[in-house]
Structure formats: C-alpha cells, structure tokens
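Trainee: Please put the model up. I would like to ask how each label on it is earned.

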Amino acid sequence: MTPPAQILDDADLLAYAAVPASARFTGRLHLYHGGEPVGPVPYLAICRPHDSPGLFLVHCDESWDIVGIQAWNGPGVEPILTIEEMKSQAEIFYEGLMESWKSVTSGDLDVIAERKLVLRGDDSSVDVTVKIGKPELDESGENWKCPYEIWFGENCRAMAMHGADSMQALQLTIATLDLELEVGVKRFGGSLYHYDEPFNSILENGGLRPKES
C-alpha cells in the first residue's frame, strides 16, 4: 500500500494509515460529502497545509481520492498542531487504528546525533538506526519540538517530542528513545546489540541515569 506523494496540492503529506479490519468505526464522525454523512473509509492521511496553521485529517477511498477533510480551523476552534494529537483524534473515529499509522519522511532531517544498532534474531539480523534531529520551533511558533527517526531496516518511525524550549524538547526525545526501541524489538523480534555487546538503554549507556543494580 503506497499513497500518493501528495494528497492535496497545497498541503504536505505527513502520515497515512490503511484502516485495518480490526479497527472499529465508532460512528462519532460528523463529516459530510455531497450532503451525505461520510462513513468508514479504507484510508486516512494527515496533511499540513502550506498557508494556515493546524493539520488536516483527510478521509480517502480505495483510490486515494478525497472523500472528506477535517480541518479544525473554524472560529473559536483550536487547531490540531501535532501528528500525535491528530492520531489521537482519528482514534476517536476508528478505535484500534493507532498502530497502523506510517510516517512520511521528508529526507531533510537535520541530524545532530545518530546511533547504529543491530537487531539479531535466530536466523537473521536487521540494522537499526536512531537519528535525532535539530530542535526547532513547532507549528505554534511559541514552543519547540525535537524530531527523531528510528529505522528498523526499511521501516521508519518518525516522530517529534515537544517542549517549552529546545533543551526540554531534546531531553524528552532522548528519554523517549528507549521506549521506542522496546516497541520496535517487540514488533520485529530479537535482541539489540551495539558493537557486538548487548544493548539495553540509551539513557543508561549514555550515563544519563545510573544503571540499576
């Protein structure tokens, strides 16, 4: 399942999901197309418009044609500014969707730190790369975000942690990486190694917190 590079001409595609059969459409969606309520769709996408704050949740049919767009940009409505918030919003409409999202990487992550690991299984191994991007102002223009990518082979998870300043955003990102790696290991199976030594924690191995005795 490969989405178009751009769903909307005036917005960038940030993430997309094929709605799995296991996800339950809750019916809490209040969206209309051609005067008819929009029901369950096979594909969803999160897009960032070029000329306005906030993100779009785009509902698409099996050909990736747009069925409906939710913008949260009306008078008195707080825009949804982060991918994480939008995924949580989509979960209200499709329970069990969260793990189906795939991030679209732009290839322009300004990497300030990187760690290469190996995930070893019984019969194979997978290269694992953790990349931390340079902290930058987020979409609000007031707070900061620190983007990161975790690659398990060709599978990439791209996210960002937000903070009141660049230091806090960076700290939260580093603190999140262990959990991200743990989730990846459970998903793909195996054990992580760094320079042929068992690897357990970026925080512990980096001296950021004492190892548990």
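Mentor: Start with strand β10 and strand β11 (residues 125-133), which pair in the antiparallel sense over nine bridges. This is a predicted model, in which local features need pLDDT of at least 70 and side-chain atom pairs count only at pLDDT 80 or more, while totals for chains, interfaces and linings use all residues. Residues are numbered from 1 along each chain as its sequence is written, and side-chain values use heavy atoms, with hydrogens and water left out.

Trainee: What makes β10 and β11 a pair?

Mentor: Two strands pair if DSSP finds at least two bridges between them. β10 and β11 have nine bridges, so they count as paired. One of the bridges sets Leu 119 against Val 126 in β11. A hairpin of four residues joins β10 to β11. The strand names come from DSSP runs numbered from the N terminus: strands (E) have at least two residues and helices (H or I) at least four.

Trainee: Which sense does the pairing of β11 and strand β13 (residues 144-152) have?

Mentor: Antiparallel, over five bridges. Ile 132 stands opposite Tyr 148 in β13.

Trainee: How do you know that Asp 196 and Arg 120 form a salt bridge?

Mentor: The term needs a side-chain nitrogen of Lys or Arg within 4 Å of a carboxyl oxygen of Asp or Glu. For Asp 196 and Arg 120 the N to O distance is 2.5 Å, so the pair qualifies. Asp 196 lies in the loop between β15 (191-194) and β16 (197-198) and Arg 120 in β10 (residues 111-120), so the salt bridge ties together parts that are 76 residues apart in sequence.

Trainee: How many salt bridges does the structure hold?

Mentor: Five. Among them is Lys 145 with Glu 136, whose closest N and O atoms are 3.8 Å apart. Another joins Lys 186 and Glu 182, at 3.4 Å. Both of these residues lie in helix α2 (residues 166-188), four residues apart, about one turn of the helix.

Trainee: Why is Lys 145 called buried?

Mentor: Buried means under 20% relative accessible area, exposed over 50%, and partly exposed in between, with a 1.4 Å probe and protein chains only. Lys 145 has 12%, so it counts as buried. Glu 136 has 37%, so it is partly exposed. In the helix pair, Lys 186 is exposed at 64%, and Glu 182 is partly exposed at 41%. For the loop-to-strand pair, Asp 196 is exposed at 57% and Arg 120 partly exposed at 33%.

Trainee: What makes a set of residues the largest nonpolar core?

Mentor: A nonpolar core is a set of buried Ala, Val, Leu, Ile, Met, Phe, Trp, Tyr and Cys residues joined through side-chain atoms within 4.5 Å. The largest such set has 23 residues, with Leu 44, Ile 46, Leu 57, Met 86, Tyr 94, Leu 97 and Trp 101 having the most contacts inside it. β1 (11-18), β5 (43-49) and α1 (83-93) each give two or more residues to this core, and α1 gives the most, four residues. Apart from this core lies another, of 17 residues, including Tyr 148, Met 159, Leu 177 and Phe 199. In soluble globular proteins, nonpolar side chains tend to be buried together.

Trainee: Which residues does Leu 57 touch?

Mentor: Contact means heavy atoms within 4.5 Å. Leaving out residues up to four places away in sequence, Leu 57 touches residues including Leu 44, Ile 46, Met 86 and Trp 101.

Trainee: What makes an open space a pocket?

Mentor: On a 1 Å grid over the protein atoms alone, a pocket is an open set of points where a 1.4 Å probe fits, with protein on both sides within 12 Å along at least five of seven lines; lining residues have an atom within 4 Å of a point. The volume is the space filled by probe spheres set on the points, which are joined across faces, edges and corners. The largest pocket holds about 740 Å³. Its lining has 26 residues, and closest to its centre are Glu 99, Trp 101, Cys 156, Arg 157 and Arg 187. α2 supplies the largest share of the lining, seven residues.

Trainee: What is notable about phi of Tyr 195?

Mentor: Phi of Tyr 195 is near 50 degrees, a positive value in a residue other than glycine. Most residues other than glycine have a negative phi. Tyr 195 lies in the loop between β15 and β16 and is exposed, at 73%. Trp 72 also has phi near 50 degrees, in the loop between β7 (66-70) and α1.
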